[in-house]
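Open the model in your viewer and keep the sequence panel beside it. The stops below say what to select and what is there.

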Amino acid sequence: MTNDGGSAFPVPDEGQGWGSAGMTLRDWFAGQIAAGMAAHSGTAGVSFGPGDIAGRSYQVADALLKARESTHDE
């Protein structure tokens with residue numbers, strides 16, 4: 001996905017604008033999803049390996065960004 005959704009945590013540049021773009025919103029979404037998947041891995045018969053968590057987290061993050069774009073277009 002080429003559109004990363006913008007920055008999750010932009011950092012101001014000493015009053016002269018935005019110095020650092022911060023973490024992308026896509027990465028922040030993926031991190032939140034990965035944390036949830038890791039927390040539930042091994043419970044209720046569900047087990048995720050690191051590769052499963054990483055790949056799935058970005059798939060879901062991309063879906064969230066796509067849904068976010070459609071709600072902004074309305």
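Helices and strands here are DSSP runs, numbered from the N terminus, with at least four residues for a helix and at least two for a strand. With that in hand, select M23: this residue sits in the loop between β2 (18-20) and α1. The model is a predicted one, and a look at its confidence comes next.

**The whole chain**

Colour the chain by pLDDT. The average over the protein chain is 82, and 78% of the residues score at least 70. Which elements have the lowest and the highest mean pLDDT? The lowest belongs to β2, at 62, and the highest to α1, at 93.

Now switch to a cartoon view. The protein chain has 2 helices and 2 strands, and along the sequence they follow the pattern β-β-α-α. Of the 74 residues in the protein chain, 14% are buried. Show the surface as well: the accessible area of the protein chain is about 5100 Å², and 56% of that belongs to carbon and sulfur atoms. For contacts between residues at least 6 apart in sequence, 38% join residues at least 24 apart.

**The surface patch**

Go back to M23 and add F9 and W28 to the selection. These three form a nonpolar patch on the surface, with about 290 Å² of accessible area together. M23 itself has a relative accessible area of 40%, so it counts as partly exposed, the class between 20% and 50%.

**The nonpolar core**

Next, select L25, F29, A30, I33, M37, I53, A61 and L65. These 8 residues make up the largest nonpolar core. Two helices, α1 (25-40) and α2 (50-73), each supply at least two residues of this core. Which of the elements gives the most to the core? It is α1, with 5 residues. In soluble globular proteins, nonpolar side chains tend to be buried together.

Two members of the core deserve a stop of their own. Start with L25, which is in helix α1. Is L25 buried or exposed? Its relative accessible area is 11%, and L25 is therefore buried, the limit being under 20%. Then add S7 to the selection: the C-alpha atoms of L25 and S7 are 5.1 Å apart, although 18 residues separate the two along the chain.

Move on to A30, also a residue of helix α1. A30 counts as buried because its relative accessibility is 2%. What does A30 touch, leaving aside its neighbours within four places in sequence? A30 is in contact with S57, Y58 and A61. Add D62 and draw a distance: the C-alpha atoms of A30 and D62 are separated by 8.5 Å, while along the chain the two are 32 residues apart.

**The salt bridge**

Keep D62 selected and add R26. How many salt bridges are there? The count comes to 1. R26 and D62 form a salt bridge, and their closest N and O atoms are 2.5 Å apart. This pair links distant parts of the chain, since R26 belongs to helix α1 and D62 to helix α2, 36 residues apart. The two partners fall into separate accessibility classes: R26, at 22% relative accessibility, counts as partly exposed, whereas D62, at 19%, counts as buried.

**Last stop: A35**

Finish with A35, whose place is in helix α1. With 47% relative accessibility, A35 counts as partly exposed. Add S57 and draw a C-alpha to C-alpha distance: A35 and S57 are 9.1 Å apart in space and 22 residues apart in sequence. S57 has come up before, as one of the residues in contact with A30.

Notes:
Residues numbered from 1 in each chain as written. Predicted model: local features only at pLDDT ≥ 70, side-chain atom pairs only at ≥ 80, totals over all residues. Heavy atoms only, no water. Core = buried A, V, L, I, M, F, W, Y, C linked by side-chain atoms within 4.5 Å. Buried < 20%, exposed > 50% of the residue type's maximum accessible area, 1.4 Å probe, protein only. Salt bridge = Lys/Arg side-chain N within 4 Å of Asp/Glu carboxyl O. Patch = residues over 30% accessible without salt bridge, like charges linked within 9 Å, V, L, I, M, F, W, Y side chains within 5 Å. Areas by Shrake-Rupley, 256 points an atom, 1.4 Å probe, with all protein chains shown as cover. pLDDT = per-residue confidence, 0-100. Contact = heavy atoms within 4.5 Å.
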